[in-house]
Amino acid sequence: MSTASGKEFLRPVRPLLLACLALLLLLAQGCMALKVRQALPENLLDQAQVADLPGIRAWGDVASKSLQQSAIESIRQEMAANHGKLEPEANFLALSGGGGDGAFGAGILCGWTEAGNRPRFKLVTGISTGALIAPFAFLGPKYDARLKEAYTTISDKDIYTVPSVVKLVINLGRIEAAASTKPLAELLERLIDDQMIQEIAVEHRKGRRLLVGTTQLDAQRQVIWNMGAIAASGHPDAPKLFRQILRASASIPVAFNPVYIKVRAGGREYDEMHVDGGVRAEVMLYETALDLFTARKKVLQAEHVHDRPRKLYIIRNAQVSPEFKTIKPHIADIGTRAIGSLTKYQGVGDLYRIYVLAQRDGIDYNLAYIPVDFHPQRTSEFDTKYMNEEFNLAFNLARSGYKWSKYPPGFSPSP
């Protein structure tokens, strides 16, 4: 789930590090009894569709006809729902990864409601822990209580289970990860119920869009899922797929088990391996998949309506400045620190990438991130006490009127 700086998640799963070392040795010797897969071959990547649900997803790195058409349709749906008019302003929300630090984003949203000026978002996107927040943010303040519950009452045991070191070593040839996210699957069943998914479908038909990103690991590519279209499809398996995607988006490779999604291509069924969306990007807007200018222009000219201001709000569930910490000369501490640093600065790069995209498309850029002076101790990634402190900090910042940054970290325009 694109864990927070320092990767505190790994403290309770240090057996993972032993397992990874043994795993690499076994791989090098070619003696592993690997799980048999019907993996989607490379030549069928662009043909693959979830059975009976065409057009519900797109590659993030190439133009997508389905996502472009969905954007055009969303404007027409919005006008139909508002007696031929558009809302005065289009507001977008992008929620990043961050593991337990998703408590920051939850606090910002709930405090924003208290401030009385939280927008109704035209578009909500989420990756990793941001994907888990996104459905609540999309449906608005009526789900604030459930969002708060999700990020202030859970602990590690609600997200994953870890076998003993002995079981890890014995089963090295048959395991895909150090921990199982079965508890997360059960949590999603409870928090994101069928009624909630039906409400997302209703909002989708009004022209609003909810997008979630995963990483298709075989292809090393981002997949953007049109979650509202899935919810509105009426397919009997839609709720299951909806939750499956959220779980996949939050599944850190090696630490958590990947999620296999069945697809059809060339008349056969295959499986795709999906993992944490943060492997590809810590936060997303609509990437290369959508040409917003063309989609907007096509509808506005056809319907003879005027354009409107667009605002983007990004919540980065992490700190963006260096955090000093003396590292012990041990493989576990060195590895977790290196991975935490890599994730942090990948996330900063994503904020710059989206800034350029916003400038190109005429979108007002607004950024929130965890304050540099917030650094209480945490015992694990989903430390309930820590998450409550973080939620309350963000809640109070937003309730009193959060001062959004207009630029990515460290950037300021020329005088």
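A polar contact is taken here as a pair of N or O atoms within 3.5 Å, in which, within protein, one atom must be able to donate a hydrogen and the other to accept it. In the predicted model, the side chain of S96 makes such a contact with the side chain of R316, at 3.0 Å. S96 is placed in the loop that runs between β2 (90-95) and α3 (102-115). Because its relative accessibility is 0%, S96 counts as buried, the cut-off being under 20% relative accessible area. Leaving aside residues up to four places away in sequence, S96 touches I127, T129, G130, E282, V283, I315, R316 and N317.

The strand that precedes this loop was examined next. β2 is mostly covered, with 6 of its 6 residues buried. A90, F92 and A94 point one way from the strand, while N91, L93 and L95 point the other way, and all are buried. β2 pairs with two strands described here. With strand β8 (residues 310-316) the pairing is in the parallel sense and extends over 6 bridges; R310 of β8 is the bridge partner of A90. Strand β3 (residues 123-127) also pairs with β2 in the parallel sense, over 4 bridges, and V124 of β3 is the bridge partner of L93. Together, β2, α3 and β3 make a right-handed β-α-β unit. The contacts of S96 include I127, a residue within the range of β3 (residues 123-127), as well as I315 and R316, which fall within the range of β8 (residues 310-316).

Two further contacts of S96, T129 and G130, belong to α4. Helix α4 (residues 129-139) is mostly covered, and 11 of its 11 residues are buried. Besides T129 and G130, the buried residues of α4 are A131, L132, I133, A134, P135, F136, A137, F138 and L139. The helix is followed by G140, which has a positive phi, near 90 degrees.

A helical position with partial exposure is provided by Q69, in helix α2 (residues 65-81). Q69 is classed as partly exposed because its relative accessible area is 43%, a value between the limits of 20% and 50%. Q69 and A295 are 226 residues apart along the chain, and their C-alpha atoms are separated by 7.8 Å.

Over the protein chain as a whole, there are 13 helices and 9 strands. The chain has 415 residues, of which 56% are buried. Of the contacts with a separation of 6 or more, 81% are accounted for by residues 24 or more positions apart. The exposed area of the chain is about 18400 Å², with 56% of it supplied by carbon and sulfur atoms.

The mean pLDDT of the protein chain is 89, and 88% of the residues reach 70 or more. Residues 5-19 have pLDDT below 50, and this stretch has 41 contacts in the model beyond near neighbours in sequence. A second stretch, residues 28-32, stays under 50 as well, and the model has 6 contacts for it beyond four places in sequence. Where pLDDT is low, the predicted coordinates should not be read in detail.

How values were computed
Residues are numbered from 1 along each chain as its sequence is written. This is a predicted model: local features need pLDDT of at least 70, side-chain atom pairs count only at pLDDT 80 or more; totals for chains, interfaces and linings use all residues. Side-chain values use heavy atoms; hydrogens and water are left out. Buried means under 20% relative accessible area, exposed over 50%, partly exposed in between (1.4 Å probe, protein chains only). Contact means heavy atoms within 4.5 Å. Two strands pair if DSSP finds at least two bridges between them. A crossover is right-handed if, with the strands pointing away from the viewer, the path from the first strand over the helix to the second runs clockwise. pLDDT is the predictor's confidence in each residue, from 0 to 100. Accessible areas come from the Shrake-Rupley method with a 1.4 Å probe; for residues, only the protein chains shown count as cover.
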